[in-house]
Amino acid sequence: MKKLLLTFVLLLSGCSTFVMPRPHDSVLFGNLVDLKILSGQISCDEKAYGWKEIQDTILHLKVYTTYRNDPQAENIKGLHEAMTKAYSSTNPVFCKSLLNVQQKRIDAIADAWKDRK
């Protein structure tokens, strides 16, 4: 009977990680705010300013969310890939369109994280 009760408790505690929302993480959200600010300051015409900082911030978020098994880890990975393409692009119109889409992606991640407690 004790083994059955212990098994039941372990099963319930394992399920709670999937049902219950993840707690708020100020490190993740702070980096996302930095990313939002930096993404508004970079330019596709002048790629000298801000691009290294934005790539470093995205990489930090990518590794952090992967270690944390965060549901937004795949979204951050896509953000990293798209920003790398935007930086390496020689076509300013293509770069600007990627930046606009990534701004929306950052907003979507913020919406997913803002209600965490």
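Student: Is Asp45 buried or exposed in this predicted model?
Tutor: The relative accessible area of Asp45 is 55%. The cut-off for exposed is over 50%. So Asp45 counts as exposed.

Student: Which residue forms a salt bridge with Asp45?
Tutor: Asp45 sits in the loop between helix 2 and helix 3. Its partner lies in helix 5, 51 residues apart in the chain. The closest N and O atoms of the pair are 3.6 Å apart, and a salt bridge needs them within 4 Å. The partner is Lys96.

Student: How many residues apart in sequence are the parts that Asp107 and Lys36 tie together?
Tutor: Asp107 forms a salt bridge with Lys36, with 2.8 Å between the closest N and O atoms. Asp107 lies in helix 5 (residues 92–114), while Lys36 lies in helix 2 (residues 26–41), so the pair ties together parts of the chain that are apart in sequence by 71 residues.

Student: Is Lys36 buried, partly exposed or exposed?
Tutor: Lys36 has a relative accessible area of 31%. Buried means under 20%, and exposed means over 50%. The value for Lys36 falls in between, so this residue is partly exposed.

Student: What separates Lys114 and Asp111 along helix 5?
Tutor: The side chains of Lys114 and Asp111 meet in a salt bridge, at 3.5 Å from N to O. Both residues belong to helix 5, three residues apart. That spacing means a separation of about one helical turn.

Student: How many salt bridges does a search of the whole structure find?
Tutor: Among them are Asp107 with Lys36 and Lys96 with Asp45. Lys114 with Asp111 is another one. The search finds five.

Definitions and conventions: Residues are numbered from 1 along each chain as its sequence is written. This is a predicted model: local features need pLDDT of at least 70, side-chain atom pairs count only at pLDDT 80 or more; totals for chains, interfaces and linings use all residues. Side-chain values use heavy atoms; hydrogens and water are left out. Helices (H or I, at least four residues) and strands (E, at least two) are DSSP runs, numbered from the N terminus. Buried means under 20% relative accessible area, exposed over 50%, partly exposed in between (1.4 Å probe, protein chains only).
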